[in-house]
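Got your viewer open? Load the model and follow along, one selection at a time.

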Amino acid sequence: MRNRSLVSINDLTKDEIFRVLDLAEEFERNPIQRIMEGKVVATLFFEPSTRTRLSFESAVNKLCGRVIGFSEASTSSVSKGESLKDTILTVANYSDLIVMRHPVEGSARYASEVSPVPIVNAGDGANQHPTQTLLDLYSIRKTQGKLDNLKIVMVGDLKYGRTVHSLLMAMSQFGASFTFISPVELRIPQEYKIYLNELNLSYEEHTDLAENIKNADIVYMTRVQRERFSDPMEYEKVKNAYILRNNMLEGTKPNMRVLHPLPRVNEINTEVDNSPKAYYFTQALNGVYTRMAIMTLILGLK
Amino acid sequence: MNDKKHLSVSAIQNGTVIDHIPAQNLFKVISILGLDKIPNQITFGTNLESKRLGKKAIIKIADKYFERDEINRIAIVAPLAKLNIIRDYEVVEKMLVEVPDEIKGIVKCVNPKCITNVENVTPKFRVVDKKSVSLKCHYCEKITDQEHMNYL
Ligand SMILES: [Zn+2]
């Protein structure tokens, strides 16, 4: 991975994924190290995403690197109409690695082609967010002890959810079986079902949450947003149907864990937070270790 | 062989005749091959009767021969095109176009939020289905299919 950009989860082989997860584990055991000393990481957030940006910056800081950058386009030269290429070429002079988030799809791939320093994609519109996928994989392996042959239940907005699409693609490499639970209007797109059929992986589709999580190893929750519905009445009908509550956890497998990419609105009732099966805040912490591992490998420091 | 057809193919002494172009894509073929920018003698006919295409077009370019890569660029707009290579009024070789693995330029990405539609970036695609010519964007990773294809 040395000197290579990370734009899409598909850029990594299975071995490289394991290398990232193993190194993240090492950082979890020993999170304060001086190995990024003298390195400058630029965090260019052309659209705000406080959580992701802080996670990257925390990772750099803990390894004693320095951070420069901006947290939204309006405070940067971009608001004066500078092209993405010019911004990248300029910032590359000041940094060893660029972490970027941009609303335009494919922007990170393009940046990686013009940039003399490696790019880490921290989200390009609805397209890719590979460090999220890697931290999800880390969290799954950590809680289940393995990645192979797990039963993954995905809940909520499965139509537009970039996170669930990337996770589906990644977990399908490990022979997962899937259950998709969503309102009819937000069902998983056909192309993913075709993909799973081609790999001979089984999946089920349901609209009911409580009934279909009993066999799950992982329940991956996502937000159902009002603006995704063409008919607001449809949203009103389903908005309370995809909220995870404590009583639904009864009878689920002891190893089952609840994941969520955060931020949460109301799709996981706060009473679930105290359950030993709630894992989403630890999942966010795992994001720091995973991003430490990714940046360290790209910079060739390990 | 019908005399008229023989004549139309043989009308140039040396060069290339591109036949079986869908009539509505004639000018796309001209622009993809850059025929509007070369000094050669070019004649074309369009809205000719064709059993396979309904209306077809034909282009004759004097003293011009194409490389394989070059000619494959028209595969998206004229997948059934046939090339006759003419030397001394005779057809010495026939070529069919082949859909390439990768396409650069020519087609616009269907995704309005794609970087190729927002900044000055040349679109690039991997051909994921050669039969139906379905293209996966190198940048935004969305699929552009034949039905939604627009040309640069
Ligand atoms: Zn695109």
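Here is a short tour that goes from domains to one residue and then to the chain contacts.

Keep in mind that this is a predicted model.

**Stop 1: the domains of chain A.** Colour residues 32–128 of chain A as domain 1 and residues 131–284 as domain 2. Drop a centre on each, using C-alpha atoms, and you'll get 29 Å between the two. Now pull up the contacts across the divide: 6 residues of domain 1 of chain A meet 6 residues of domain 2 of chain A. On the domain 1 side, that set splits into 3 nonpolar, 2 polar and 1 charged.

**Stop 2: A:Ala176.** Select A:Ala176, which sits in the loop between helix H6 (162–172) and strand S6 (177–181) of chain A. Is A:Ala176 buried or exposed? A:Ala176 counts as buried because 24 other C-beta atoms lie within 10 Å, and the cut-off for buried is 20 or more. Show its neighbours next: leaving out residues up to four places away in sequence, A:Ala176 touches A:Leu150, A:Ile152, A:Met171 and A:Leu201. While you're there, put a distance label between the C-alpha atoms of A:Ala176 and A:Lys151; it should read 5.9 Å, for a pair 25 residues apart along the chain.

**Stop 3: where chain B meets chain A.** Bring both chains into view. Here 13 residues of chain B are in contact with 10 residues of chain A. Highlight helix H4 (residues 115–118) of chain B, since you'll want it on screen: it supplies 3 residues, the largest share of chain B's side. Colour that side by class and you'll find 7 nonpolar, 3 polar and 3 charged residues.

Key. Residues numbered from 1 in each chain as written. Chains lettered and ligands numbered in written order. Predicted model: local features only at pLDDT ≥ 70, side-chain atom pairs only at ≥ 80, totals over all residues. Contact = placed C-beta atoms within 7 Å. Helix = DSSP H or I, 4+ residues; strand = E, 2+ residues; numbered from the N terminus. Nonpolar A, V, L, I, M, F, W, Y, C, P; charged D, E, K, R; others polar. Buried ≥ 20, exposed ≤ 12 C-beta atoms within 10 Å, placed from the backbone. Domains from an automatic or database assignment.
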